[in-house]
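Trainee: I would like to learn how to read a fold from its strands, its core and its cysteines. Could we work through an example together?

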Amino acid sequence: MDLLATTTRGLESIAAAETDRLVGASPHVHHPGWIAFEGDTEDIVTLNARARTLNRVLVSLVDQSATTLDAIGDATESVPVADYVDSGQSIAVESTRIGTHEFGSPDVSDVVGQAILDSHRRATGDRLPVDLDDPDVVFRAVVRHDRFTLAIDTTGPVSLHRRPYRVRDHPAPVKPTIAAAMLDIADADATTTVVDPFCGVGTVPIEAALAASGRSPNAARETFAFQSLPFVPDGALVEYRAGHESSDAEPMVVGADSDRSCVRAARENAAVADASVEWLTADARSHVPAADVVVTDLPFDIRTDHGDLRPLYREFCAAVADSAADRLVALTVRPDLLPLDIDRSYEFRDGRLDVTIADISL
Ligand SMILES: C[S@@+](CC[C@H](N)C(=O)[O-])C[C@H]1O[C@@H](n2cnc3c(N)ncnc32)[C@H](O)[C@@H]1O
């Protein structure tokens, strides 16, 4: 079947490489933030249970040119909905629209919803219930300029980037999926020692420790949308999890922050994640603990007491250059302030900020 997955815009190549490693697919970029590939129901379970850089996994049902509501409705009616939804299951349609059209997203939801009900009734004689609050099956309709894509969400309302271990938050946290992508960029594996000297509540070190020991960042998550989909076998998640447990590798990961309360919160998150990390309270301007690679999300908020970022960046980079590390992968809003040559940059938008992941050989 045709599958789609969403990720952070700008990090599609990393998400595609991870998808290939996990399920042996060769995804291509469908549109910004979306990758497309062929797969089966096992792949749906594997990616939801294990992916570190994906937000959602979807089954593509329609992917074609359609510029009018009639064309969108016709394309949807041709989908054999009864193959994907059982009579009695409730449905909802969530639509997004990008570009200039003579209709809005609510119109798309109405037309697609009606066509889904019609297709199902033609095949079964039954009318599917609609439940916009707690549906069994969510159809996602995307109208992007002249292209219409309709897909079934196999992940659910909670994106995979919302890790169950993050019980303590930070005013400026990095998305765990972005942290995982940074570790991929750093080529961190089970034999690499990793340090994050600005660790906040520990997202990068926890992702590093889980990845190094082959454990899923969503191991504690109990609910995925695919569990209600009739074409995914019952018990597939339990079976998958039973067959894929962690390795014995003892990760070598250090997290440090100058703020004691952050380090305390990071320890709590790591305890929930059952991630083995060494935590320190330290000032990254004077000391970067020894490691092969430094992977970090640099302070950026010039309205806080960090003041001018220039001296902080300068002193941190001098401390990194003096450390044992031979590579720095840093997320920053001010790559221009890094007094080091950047080998590769990944630029993207994170919320309201334009950010860069800078990959630097030391
Ligand atoms: C952008 S936040 C990191 C957030 C983190 N990635 C997370 O997900 O929680 C930057 C962190 O740098 C810390 N920090 C600021 N100046 C520091 C310094 N000189 N040495 C070490 N940590 C510092 C702040 O306390 C803050 O937690």
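Mentor: Gladly; we will take strands, then the core, then the cysteines, remembering that this model is predicted.

Trainee: In which sense do β5 and β6 pair, and over how many bridges?

Mentor: Strand β5 (residues 91-98) runs parallel to strand β6 (residues 137-144), and eight bridges join them. One register point to look for is Glu94, whose bridge partner in β6 is Arg140. Now follow the chain between the strands: from β5 it passes through helix α4 (residues 105-124) to reach β6, and this β-α-β crossover is left-handed.

Trainee: What should I keep in mind about side chains along a strand?

Mentor: In a regular strand, side chains alternate between the two faces of the sheet. For a case here, try Phe139.

Trainee: Which residues does Phe139 contact, leaving aside neighbours within four places in sequence?

Mentor: Among them are Leu61, Val81, Val85, Ile91, Val93, Ile116 and Ile152. Phe139 is also listed with Leu54, Leu61, Val112, Phe148 and Ile152 as having the most contacts inside the largest nonpolar core, which has 49 residues. A second, separate core has 34 residues, including Ile206, Ala208, Trp279 and Phe348.

Trainee: And how many disulfides are there in the whole structure?

Mentor: Zero. To see why, check sulfur distances against the 2.5 Å cut-off. For Cys262 the closest cysteine sulfur, in Cys199, is 7.1 Å away, too far for a bond. For Cys317 the closest is also in Cys199, at 18 Å, again too far.

Trainee: Are those two cysteines buried or exposed?

Mentor: Cys262 is buried, at 11% relative accessibility, and Cys317 is buried as well, at 3%.

Notes:
Residues are numbered from 1 along each chain as its sequence is written. This is a predicted model: local features need pLDDT of at least 70, side-chain atom pairs count only at pLDDT 80 or more; totals for chains, interfaces and linings use all residues. Side-chain values use heavy atoms; hydrogens and water are left out. A nonpolar core is a set of buried Ala, Val, Leu, Ile, Met, Phe, Trp, Tyr and Cys residues joined through side-chain atoms within 4.5 Å. Buried means under 20% relative accessible area, exposed over 50%, partly exposed in between (1.4 Å probe, protein chains only). Contact means heavy atoms within 4.5 Å. Two strands pair if DSSP finds at least two bridges between them. Helices (H or I, at least four residues) and strands (E, at least two) are DSSP runs, numbered from the N terminus. A crossover is right-handed if, with the strands pointing away from the viewer, the path from the first strand over the helix to the second runs clockwise.
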